[in-house]
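Biologist: I would like to go through this model with you step by step, beginning with the overall fold and then turning to individual residues. Please give your reasoning along with each answer.

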Amino acid sequence: KADIWALGVLIYHISALKGPFAGDNIYALGYSILNDTPPQLPGVYSKPLTQLIMSMLDKVPNCRPSVGDIISQLPTRMPAEVQESTNRVSKSHTEADV
């Protein structure tokens with residue numbers, strides 16, 4: 001679940017053009033990560049995407065989505081090659097979760 005959180009930080013940063021947590025030094029950043037809620041993403045992003053990214057940053061690891069959950073929320077209209085690849089990744093992660 002730490003990988004999901006890290007991916008959430010990366011996607012948030014790309015989306016907002018700034019990190020979800022801030023601090024003037026490593027201790028302040030650590031405090032922010034542990035105690036602060038990231039600001040909402042810009043309104044140009046859809047509510048489902050915003051909710052997905054914010055769920056990836058949940059403080060409680062078990063409340064974060066799994067790889068399969070994230071993949072299942074991807075758009076359903078994708079080129080056949082991407083869809084096939086996505087299905088393979090989803091299946092391999094589902095089998096690894098068991």
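Biologist: How many helices and strands does the chain have, and in what order do the elements run from the N terminus on?
Modeller: In this predicted model, the chain has five helices and zero strands. Read from the N terminus on, the elements therefore run as helices throughout, given that helices and strands are taken from DSSP runs: α-α-α-α-α.

Biologist: What share of the contacts with a separation of 6 or more is made by residues 24 or more positions apart?
Modeller: A contact here is a pair of residues with heavy atoms within 4.5 Å. Among the contacts in the chain with a separation of 6 or more, the share from residues 24 or more positions apart is 51%.

Biologist: What percentage of the residues is buried, and what part of the accessible surface belongs to carbon and sulfur atoms?
Modeller: The chain has 98 residues, and the buried ones make up 24% of them, where buried means under 20% relative accessible area. The accessible surface of the chain comes to about 6,900 Å², and the part that belongs to carbon and sulfur atoms is 60%.

Biologist: Is Leu10 buried, partly exposed or exposed, and which residues form a nonpolar patch with it?
Modeller: Leu10 is placed in helix α1, which covers residues 2-16. Its relative accessibility is 49%, and because exposed requires over 50%, Leu10 counts as partly exposed. The nonpolar patch on the surface has about 280 Å² of accessible area together, and the residues that form it with Leu10 are Leu7 and Ile14.

Biologist: Which residues form the aromatic pair, and is the pair stacked or edge-to-face?
Modeller: The structure holds one aromatic pair. Its partners are Trp5 and Phe21, with 6.1 Å centre to centre and 20 degrees between the planes. Because planes under 30 degrees apart count as stacked, the pair of Trp5 and Phe21 is stacked.

Biologist: How many residues apart in sequence are the parts that this pair ties together, and is Phe21 buried or exposed?
Modeller: Trp5 lies in helix α1 and Phe21 in the loop between α1 and α2 (26-35), so the pair ties together parts that are 16 residues apart in sequence. Trp5 is partly exposed at a relative accessible area of 23%, whereas Phe21, at 10%, is buried.

Biologist: Where is Thr50 placed, and which residues is it in contact with beyond its neighbours within four places in sequence?
Modeller: Thr50 is placed in helix α3, residues 47-56. With a relative accessible area of 10%, Thr50 is buried. Leaving aside the neighbours within four places in sequence, the residues in contact with Thr50 are Gln40, Leu41 and Tyr45.

Technical notes. Residues are numbered from 1 along each chain as its sequence is written. This is a predicted model: local features need pLDDT of at least 70, side-chain atom pairs count only at pLDDT 80 or more; totals for chains, interfaces and linings use all residues. Side-chain values use heavy atoms; hydrogens and water are left out. Patches are made of residues with over 30% relative accessible area and no salt bridge: like charges are joined within 9 Å, nonpolar side chains (Val, Leu, Ile, Met, Phe, Trp, Tyr) within 5 Å. Accessible areas come from the Shrake-Rupley method with a 1.4 Å probe; for residues, only the protein chains shown count as cover. A salt bridge is a side-chain nitrogen of Lys or Arg within 4 Å of a carboxyl oxygen of Asp or Glu. Helices (H or I, at least four residues) and strands (E, at least two) are DSSP runs, numbered from the N terminus. Buried means under 20% relative accessible area, exposed over 50%, partly exposed in between (1.4 Å probe, protein chains only). Rings of Phe, Tyr and Trp (its six-membered ring) pair if their centres lie within 6.5 Å; planes under 30 degrees apart count as stacked, over 60 as edge-to-face and the rest as tilted.
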